[in-house]
Amino acid sequence: MDLAKGTVRCNCRGCTKRGWWMARTGPDAVEILAGEDHVSEAPANPYFQRRTCSACHVTLFGTVRAPEAGGPGTNVNVRLLDDVTLEGVSVTWLDGLSDTWEVLGTVPHVPVDPRPRRSS
Ligand SMILES: [Zn+2]
């Protein structure tokens, strides 16, 4: 998985709630090594076949079929990759919230520390 090629996020509610943050890789690049009984297929559309965790419903990855969607390929949720530093990774934001899918901008990812700050 080459994150130097950039990643894509969408601002729509579905992608936000499912934690979807994707990077593209090859059509056969993903192999499920364990826990396949917890992987569910979401309803397919002509462009994309999404796989989710049947327990928490996070989007794991999806197969892109349609050439107009950049396929064939596999979109992987980069949040789920082990041993990867996402700080500074290029993120292109798409406007799915307005259903236009326009590129809103491309920025380096800045991680946010969710721990509460202590006052000194
Ligand atoms: Zn979206």
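Tutor: A residue is called buried if 20 or more other C-beta atoms lie within 10 Å of its own, and exposed if 12 or fewer do. Keep in mind throughout that this is a predicted model.

Student: What percentage of the residues of the protein chain count as buried?
Tutor: The C-alpha atoms of the chain fill a box of roughly 55 × 35 × 25 Å, taken along the principal axes. The protein chain has 120 residues, and the share of them that count as buried is 16%.

Student: Which elements make up the chain, and in what order do they run from the N terminus on?
Tutor: The secondary structure of the protein chain comes to one helix and eight strands. Read from the N terminus on, a strand is followed by the helix and then by the other strands, so that, written out by the definition of these elements, the order is β-α-β-β-β-β-β-β-β.

Student: Which strands are the edge strands of the sheet?
Tutor: The open sheet has eight strands with mixed pairing, in the order 3-4-5-6-2-1-7-8. An edge strand here pairs on one side only, and this holds for strand 3 (39-41) and strand 8. Neighbouring strands of this sheet are turned by 25 degrees against each other on average, direction ignored. The edge strands asked for are strand 3 and strand 8.

Student: In which sense does strand 2 pair with strand 1 and with strand 6, parallel or antiparallel?
Tutor: Strand 1 (residues 7-10) meets strand 2 (residues 21-25) over two bridges, and Val8 stands opposite Met22 there. Strand 2 is also joined to strand 6 (residues 73-77) by four bridges, with Ala23 opposite Val76. The sense is antiparallel for the pairing with strand 1, and for the pairing with strand 6 it is likewise antiparallel.

Student: Which residue of strand 8 is the bridge partner of Trp93?
Tutor: Strand 7 (residues 90-94) and strand 8 pair in the antiparallel sense over five bridges. Strand 8 (residues 103-108) lies largely in the open, because the number of its six residues that are buried is zero. Within strand 8, the bridge partner of Trp93 is Gly105.

Student: Which strand gives the most to the largest nonpolar core?
Tutor: The largest nonpolar core has 10 residues, among them Val8, Met22, Ala23, Phe61 and Val76. Strand 1, strand 2 and strand 5 (59-64) each supply at least two residues of this core. With three residues, the strand that gives the most is strand 2.

Student: Which residues does Val76 touch, leaving aside those up to four places away in sequence?
Tutor: Val76 is one of the residues of the largest nonpolar core, and Val76 stands in strand 6, opposite Ala23. Not counting residues up to four places away in sequence, Val76 touches Met1, Met22, Ala23, Thr25, Val30 and Phe61.

Student: Is Asp83 buried or exposed?
Tutor: Asp83 has its place in the loop between strand 6 and strand 7, and its phi is near 60 degrees, a positive value in a residue other than glycine. Because Asp83 has 4 C-beta neighbours inside 10 Å, this residue counts as exposed.

Student: How many C-beta neighbours does Trp101 have inside 10 Å?
Tutor: Trp101 is found in the loop between strand 7 and strand 8, and Trp101 has a positive phi of about 60 degrees although it is not a glycine. Trp101 counts as exposed, and its number of C-beta neighbours inside 10 Å is 10.

Terms used. Residues numbered from 1 in each chain as written. Predicted model: local features only at pLDDT ≥ 70, side-chain atom pairs only at ≥ 80, totals over all residues. Pairing = 2+ DSSP bridges. Axes fitted to C-alpha atoms, helices over the stretch in contact; angles between N-to-C directions. Core = buried A, V, L, I, M, F, W, Y, C linked by C-beta atoms within 7 Å. Contact = placed C-beta atoms within 7 Å.
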